[in-house]
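Got the viewer open? Here is a walk through the model, one selection at a time.

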Amino acid sequence: MSWLRRQDLEDREHNTLSRWAAFATDSGGRRAAEPQDPVRTDFQRDRDRIIHSAAFRRLQHKTQVLAAFEGDHFRTRMTHSLEVSQMARSASIALRLNPDLAEAVALAHDLGHPPFGHAGEEALHELMADHAGFRHNAQGLRIVDYLEDRHGDGFGLNLVRAVRCSLLKSTAPAGYPISDDLLPLEPPPLEARLVDLCDRIAYLCHDLDDGIRAGAFGIEDAQRLELWEMAASRARHQRPSGIISEMVALMMRDLVRTCAEEIDGATRERPTMRQSQEIAARTAKLQDFLRQHFYRADFVLERMAEGRGKIGEVFQRLLQSPDGLPDAVQQRIEADGIHRTVCDYVAGMTDRFLLKQR
Ligand code: MG
């Protein structure tokens, strides 16, 4: 036959991937049984479901560090997720892990973020203090399991277990309303850990780029970073964008090399996905630098405080008058309670939709 069937792709995984990879044939199945796709593996199908979800489209208007509407060139959660997905895919291919799983997990890894990034997360966590709190990764799971209710059957996107476990990353606040079929929490596949590491490399490097662009600090400040120096000595051009691009490349090469050594040395114990000690130490310095010069810069903190205040205001108002919730959302009150329903609704908002609330 001239076309590749799903079974051919599954065979190819078994013939080419590492024994530590997650195989689509062991995806753990779906909460609601469905016939399998003739051409796509379970992981490829889940990747497509994620890309076609409304929650994924909303990432376009959600803050990474700078509110998405402040400038057309800054990262949003969507462009960030696309960067992470490509990095995780390339690293997985090099390590003979499953690139389709890594891609699906990377595209979905930020779905649960509320408006205004970590400030929004902290605000919701406080507002939900007596109701199991708020955590973006557990919220991501609620979105794919329930809130993205495309078929109205209560199974959300009905993703496979391996993808759902990966989104949860083995942590959820006690009592967080997630599907109990994932309890007790189990360690996620290696691909999930790889996505985590790519996520960090992606955001630190692009925040360095956005920070310079936004005028939060100057190139002369960034030049003091060891990673900058390493990258500058190898970059073909000395423009910041060229140096940062080289920085991503050298961090990714280090990640792949270090993980490969871990995988090669693993006997029965699961290998640890990690950066080399040298690059990890330099990465920590980059993170400290960004915290000091960008994440806690006055103009960023001001914007975050504004978002935080608005979240509190809208949350309290909807709690008092649930009539302000869309009809479909009101229907969830009976099962989820008013607090969780309002929290889910506010968490799903984009930055600009939140600020438009009167
Ligand atoms: Mg992220």
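Which residue takes a positive phi just after α9? Select G215: its phi is about 75°. Before moving on, note that this is a predicted model, where local features need pLDDT of at least 70 and side-chain atom pairs count only at pLDDT 80 or more, while totals for chains, interfaces and linings use all residues. Residues are numbered from 1 along each chain as its sequence is written, and side-chain values use heavy atoms, with hydrogens and water left out.

**Stop 1: the helix α9**

Now select residues 190-213, which make up helix α9. Helices here are DSSP runs (H or I, at least four residues), as strands are (E, at least two), numbered from the N terminus. From first C-alpha to last, the 24 residues of α9 reach 35 Å, close to the 34 Å expected at 1.5 Å a residue; the expected span is 1.5 Å times one less than the number of residues. How many of its residues are buried? The count is 20 of 24, so α9 is mostly covered; buried means under 20% relative accessible area, exposed over 50%, and partly exposed in between (1.4 Å probe, protein chains only).

Step back along the chain to P184, in the loop between α8 (161-168) and α9. The peptide bond that joins L183 to P184 is cis, and its omega is near -5°.

**Stop 2: the magnesium ion**

Click on the magnesium ion and bring up its protein donors: H80 (NE2), H109 (NE2), D110 (OD) and D199 (OD), at 2.2 to 2.8 Å from it. Donors are N, O and S atoms within 2.8 Å of the metal (3.2 Å for Na, K and Ca); water is not among the atoms, so sites may look incomplete. Along the chain, the donors follow the spacing H-x28-H-D-x88-D. Because H109 sits in the loop between α5 (99-108) and α6 (117-127) while D199 belongs to α9, this pair ties together parts 90 residues apart in sequence. Both H109 and D199 are buried.

**Stop 3: salt bridges**

Keep D110 selected and add R77. These two form a salt bridge, with the closest N and O atoms 3.0 Å apart; the term means a side-chain nitrogen of Lys or Arg within 4 Å of a carboxyl oxygen of Asp or Glu. The pair links distant parts of the chain: R77 is in helix α4 (residues 77-95), D110 in the loop between α5 and α6, 33 residues apart. D110 is buried at 3% relative accessible area, and R77 is buried at 2%.

Next, try R308 and E122, another salt bridge whose closest N and O atoms are 3.0 Å apart. Here helix α14 (residues 298-320), home of R308, is linked with E122 in helix α6, and the two residues are 186 apart. Are they buried or partly exposed? R308 is partly exposed at 27%, and E122 is partly exposed at 44%.

For a wider view, select D37, R40, R47, D48, R89, D100 and E103, which are linked in a network of salt bridges. The whole structure holds 39 salt bridges.

**Stop 4: two more positive phi values**

Finish with R96, in the loop between α4 and α5. Its phi is near 55°, although R96 is not a glycine. R96 is partly exposed, at 45% relative accessibility. Then find A132 in the loop between α6 and α7 (136-147). A132 is not a glycine, yet its phi is positive at about 70°; A132 is partly exposed, with a relative accessible area of 23%.
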